[in-house]
Every structure is written in structure tokens, then in C-alpha cells.
Amino acid sequence: MLVDTHAHLMDSAFREDLAEVLERAAAADVGAIVCVGYDEDSSREAVHLAETYPQLVAAVGIHPNYAGQATAGAFDRLRQLATHARVVGIGETGLDNYRQHTPPRTQREWFERHLELGAELRLPVVVHNRQADEEVAEMLMHRASSDAPVAGVLHCFSGDAAMLSAGLAAGFMVSFAGPLTFKNAGSLPELARRVPLDRLVVETDCPYLTPAPHRGQRNEPALVRWTAERLAQLRGMPFDQLARATTDNARRLFPGLSADWA
Ligand SMILES: [Zn+2]
């Protein structure tokens with residue numbers, strides 16, 4: 001069984017055929033899916049989906065690209081939402097220097113608030129990092145050595161070797177998505193080999209980042225298998241063993257996931 005640790009099933013791309021998407025996920029043995037919010041509305045919708053479908057759980061947060069548009073009181077409402085029983089994580093949050101829709105200083109403030117909330121509610125934090133390795137590494141290391149550390153995951157890892165080391169040292173899991181399967185994956189395959197087996201998880205980040213050989217189509221949870229297969233191949237291990245390890249890791253990362261599987 002596999003867990004898709006990062007999906008945006010509340011995206012309008014799934015409005016027409018969510019039931020079929022979930023059927024294909026089940027047929028592909030994707031037993032649980034974390035629906036990750038990126039602003040207030042999508043976080044609320046993620047919780048709604050998690051209330052509706054037993055195989056779905058939610059993470060709630062405001063993505064750095066949307067933090068600049070967040071209205072007054074959004075964070076307090078998010079905090080309220082985060083106490084919902086179906087919420088297993090905080091995020092996505094982080095820093096994005098590729099698209100600076102939000103001024104860097106505002107991004108840092110929001111990232112810090114999410115880390116704080118994760119520590120307060122003892123929920124793992126889903127971290128987005130785009131071209132911000134040094135700052136993300138510094139903030140995570142700082143948090144790890146504070147008296148309110150947090151657990152979490154570096155979602156859709158795309159950093160360098162130093163970022164990987166810092167994330168692991170901070171106690172984070174490392175999640176790979178479709179780009180690992182791309183021909184132009186750069187140093188990602190080499191870094192994916194270096195992650196300890198007990199720190200690896202997989203995700204789709206759907207509807208984006210569709211893995212090969214399905215590039216060009218909409219991404220969906222059933223396709224997380226391609227990323228897991230690529231990881232197994234890179235690490236020279238049987239697929240089943242890789243699947244079991246990443247699923248165990250996903251349960252440790254998001255303890256709220258396990259409740260339904262008892
Ligand atoms: Zn995402």
C-alpha cells in the first residue's frame with residue numbers, strides 16, 4: 001500500500017470526477033491521501049473532503065504565494081480549523097523565491113507562525129521550499145534547537161545537498177514527487193539515494209507535477225506509484241519493500257493517519 005502525502009484534491013481540476021479519481025487511487029493501492037490546503041478556502045475544503053471520505057485527511061495552512069493576500073484574522077481562523085479531528089498537519093507553508101507574490105519578509109513571518117502553530121498543536125508541518133534553501137534550512141535548524149521543536153516534511157524536495165542535510169538534522173521527513181521521474185531531474189536522483197529509508201515519503205502534489213510517463217496529463221493520487229517505483233529502482237530495492245517503508249514513515253509523520261487503519 002502507498003500513501004499520497006500531498007494532494008490538492010480540492011482543486012477545481014477534480015471538481016467533475018473526484019469519485020473516479022478516488023476509485024483509481026484505491027485500485028492502485030493508494031490507501032490514504034493527505035489533502036493539503038494552500039489558503040483559507042482550500043484548507044476549509046480539505047477538511048470538508050476529509051470529513052466526507054474516510055481515506056482522506058487534511059493539512060491546513062497558507063502557502064507563501066498566498067500569504068500576501070490573507071485577510072485579517074485568517075491565521076486565527078486557521079488555528080481554529082487546525083483543531084478539527086480530521087486535520088493531521090499544518091501547511092503548506094514555507095518560502096518561495098521563485099514566485100515572489102508575497103514580499104520575502106511577509107513569507108518569513110507566516111512560515112514562522114505556522115511552525116509555531118505546529119509546535120503548539122503538536123502537528124507536523126508541511127514545508128514548501130522553492131529556491132530558498134538557505135533560509136528554510138536556517139529557520140528549521142533554529143526551530144529544531146528551540147524549546148518548541150516541530151516534526152514535519154520537506155514536501156516535493158527540490159533542494160541541494162546542504163538543504164537535505166539540514167532537513168534531516170532538523171528531524172524532517174523528505175518527500176519526493178513527479179520531478180524525480182523526469183529526464184531533467186538533475187541531482188535529485190542522487191539525493192534521493194542518500195535519504196535514510198526511515199525518512200522517505202512519496203506524494204503527487206496533484207494536479208501538478210505529473211510523473212513520467214504520464215507528463216502532460218493531469219496528475220492524481222493513483223500516479224504516486226510511478227514516483228515510488230522510481231525511488232525503488234534508484235535505491236536498488238524491491239518495490240514492495242519501498243512501499244512498506246514509505247507507508248510506515250507516512251504513519252509516523254502524520255500520526256492522525258493511523259487512527260482509521262487500526
Ligand atoms: Zn502542494
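Start by selecting Ser43: leaving out residues up to four places away in sequence, Ser43 touches Gly37, Tyr38, Val60, Gly61, Leu78 and Leu81. Touching, or contact, here means heavy atoms within 4.5 Å. Ser43 sits in helix α2, residues 40-52. Its relative accessible area is 0%, so Ser43 is buried. Buried stands for under 20% relative accessible area, exposed for over 50%, and partly exposed for what lies in between, with a 1.4 Å probe and protein chains only.

A word on what you are looking at: this is a predicted model, where local features need pLDDT of at least 70 and side-chain atom pairs count only at pLDDT 80 or more, while totals for chains, interfaces and linings use all residues. Residues are numbered from 1 along each chain as its sequence is written, and side-chain values use heavy atoms, with hydrogens and water left out.

**Zoom out**

Now show the whole protein chain as a cartoon. You'll find 11 helices and eight strands; helices (H or I, at least four residues) and strands (E, at least two) are DSSP runs, numbered from the N terminus. Lined up with the principal axes, the C-alpha atoms fill a box of roughly 45 × 40 × 35 Å. The radius of gyration of the protein chain is 17 Å, which agrees with the value near 18 Å for a compact globule of 262 residues. That radius is taken over C-alpha atoms, and the globule rule is 2.2 Å times the number of residues to the power 0.38.

Switch on the surface. The accessible surface is about 11,300 Å², and 49% of that belongs to carbon and sulfur atoms; the areas come from the Shrake-Rupley method with a 1.4 Å probe, and for residues only the protein chains shown count as cover. Of the 262 residues, 56% count as buried. Among contacts between residues at least 6 apart in sequence, 73% join residues at least 24 apart.

**Into the core**

Next, select Leu9, Leu140, Phe157 and Phe176. In the largest nonpolar core, which has 74 residues, these four touch the most other members. Such a core is a set of buried Ala, Val, Leu, Ile, Met, Phe, Trp, Tyr and Cys residues joined through side-chain atoms within 4.5 Å. Stay on Phe176 and show what surrounds it. Beyond four places in sequence, Phe176 touches ten residues' worth of labels you can click through: Phe157, Leu188, Ala192, Val195, Leu200, Val201, Val202, Glu203, Thr227 and Leu231. There is also a second, separate core of 15 residues, with Val34, Val36, Ala250 and Phe254 among its members.

From here, pick Ala228 in helix α9. Is Ala228 buried or exposed? At 0% relative accessibility, Ala228 counts as buried. Its contacts beyond four places in sequence are Leu2, Val202, Phe239 and Leu242. Try the distance tool from Ala228 to His128: they are 100 residues apart in sequence, and their C-alpha atoms are 20 Å apart in space.

**A pair to click between**

Select Asn65 in helix α3, residues 64-67. Asn65 is buried, with a relative accessible area of 9%. Not counting residues up to four places away in sequence, Asn65 touches Asp96, Arg99, His101 and Thr102. Tyr38 is 27 residues away along the chain, and the two C-alpha atoms are separated by 8.6 Å.

Hop across to Thr102, in the loop between β4 and α5 (104-121). Thr102 counts as buried at 0% relative accessibility. Setting aside neighbours within four places in sequence, Thr102 is in contact with Pro64, Asn65, Tyr66, Ala67, Gly68 and Gln107.

**Backbone oddities**

Where are the cis peptide bonds? One joins Gly91 and Glu92, with omega about 20°; Glu92 is in strand β4, residues 87-96. Another joins Ala212 and Pro213, with omega about 5°, and Pro213 is in the loop between β8 (200-202) and α9 (224-235).

While you're in that loop between β8 and α9, select Leu209. Leu209 is not a glycine, yet its phi is positive, near 55°. Leu209 counts as partly exposed at 29% relative accessibility.

Last stop: Asp29, in the loop between α1 (18-27) and β2 (30-36). Asp29 also has a positive phi, about 70°, although it is not a glycine. With a relative accessible area of 41%, Asp29 is partly exposed.
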